[in-house]
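Grab a coffee and work through these exercises with the structure open beside you. Each one sets a task, then walks through a solution.

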Amino acid sequence: MNRAKVTIPNDLMHPWGIDIDLIEGTMCEPDRVLQRRASDMRGYYQEEAALDQLIAQGDPIHYEVFEKIIPEQYGHLLLCISKLYPGRVGAECFMTKGHYHVVSGTAEVYLCLRGQGYMMMKTAAGQSVAEPMRRHRMVYVPPHWAHRSINTGAEPLISFCVYPAEAGHNYGDIATEGFPKRVFIRQGQERIEP
Ligand code: PAN
Ligand code: ZN
């Protein structure tokens, strides 16, 4: 019988667990909480004056990411809870900045725990897909697709995300190119434009 030789690294991580409240969509005792405010979103929305107004009105938190600290090395998986608050900038629905992964051949799983909206995805070749997000729905973001969450509802859009730890985030390309499609609420109706 062949037996593969198992080598154990010196920095072996001890197994661990955390509680995730699937009703509230919260992670107990995150190691780190990243907050993005309206003022961090300059240049992302179509109606800049509406964003300026929001910033002047108190610069509310736009979204938060609750993370565990895990080495950003091949073999590990990063996990977090992404919480995008509801609201509009003019008629445009609140959204995350969006990014490609630096190691662009890495995928990501989003399990939606609460709220409703879209995972907007695009490739550098111009393809664009808006995949619905709602409670109990999982969205698979394949390698090479930039991705951004968009909240079309009245409560926070909350997802549990898992992706390869070496992925990294490339925001620069999206900050300059944007996504080909945006989501608005006009006269009470959801619109994906253009
Ligand atoms: C998510 C996102 C999170 C925030 O964890 O980082 O939803 O969105 P932005 O990173 O676009 O600001 C993820 O996709 N990680 O890879
Ligand atoms: Zn990602």
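**Exercise 1. A strand pair**

How many bridges join strand S4 to strand S5, and in which sense do the two run?

Solution. Keep in mind that you're looking at a predicted model.
- Step 1: find strand S4 at residues 61–67 and strand S5 at residues 77–84.
- Step 2: count the bridges between S4 and S5, and you get 5, with the strands running antiparallel.
- Step 3: for one residue pair, look at Val65, which sits opposite Ser82 in S5.

**Exercise 2. The sheet around that pair**

Work out the strand order of the open sheet of 6 strands, then say which strands stand at its edges.

Solution.
- Step 1: read across the sheet, and the order comes out as S3-S4-S5-S14-S9-S12, with antiparallel pairing.
- Step 2: check the ends. Strand S3 (32–37) and strand S12 (138–141) each have a single partner strand, so one side of each has no neighbour in the sheet.
- Step 3: add the twist, which averages 20° from one strand to the next.

**Exercise 3. The sheet of 3 strands**

Now do likewise for the open sheet of 3 strands: give its order and its edge strands.

Solution.
- Step 1: the order is S11-S10-S13, and the pairing is antiparallel.
- Step 2: strand S11 (128–134) and strand S13 (146–151) are the edge strands; each pairs with a single strand, so one side of each is left without a neighbour in the sheet.
- Step 3: the twist here averages 25° from one strand to the next.
- Step 4: zoom in on strand S10 (residues 116–122), which pairs with S11 over 7 bridges in the antiparallel sense. Gln116, for instance, has Arg134 in S11 as its bridge partner.

**Exercise 4. The zinc site**

Name the residues that coordinate the zinc ion (ligand 2), describe the geometry, and decide whether His101 and His147 are buried or exposed.

Solution.
- Step 1: list the donors. His99 (NE2), His101 (NE2), Glu108 (OE) and His147 (NE2) coordinate the zinc ion (ligand 2) at 2.1 to 2.3 Å.
- Step 2: look at the angles. The 6 donor atoms make angles of 75 to 172°, and the site is octahedral.
- Step 3: write the spacing of the donor residues in sequence, H-x1-H-x6-E-x38-H. His101 in strand S8 (residues 100–101) and His147 in strand S13 are 46 residues apart, so this pair links distant parts of the chain.
- Step 4: apply the cut-off for buried, under 20% relative accessible area. His101 comes in at 5%, so His101 counts as buried. His147 has 2%, so His147 is buried too.

Note on methods: Residues numbered from 1 in each chain as written. Chains lettered and ligands numbered in written order. Predicted model: local features only at pLDDT ≥ 70, side-chain atom pairs only at ≥ 80, totals over all residues. Heavy atoms only, no water. Pairing = 2+ DSSP bridges. Helix = DSSP H or I, 4+ residues; strand = E, 2+ residues; numbered from the N terminus. Axes fitted to C-alpha atoms, helices over the stretch in contact; angles between N-to-C directions. Donors = N, O, S within 2.8 Å, 3.2 Å for Na, K, Ca; no water. Tetrahedral: all angles 85-135°; square planar, octahedral: opposite > 155°, others 65-115°. Buried < 20%, exposed > 50% of the residue type's maximum accessible area, 1.4 Å probe, protein only.
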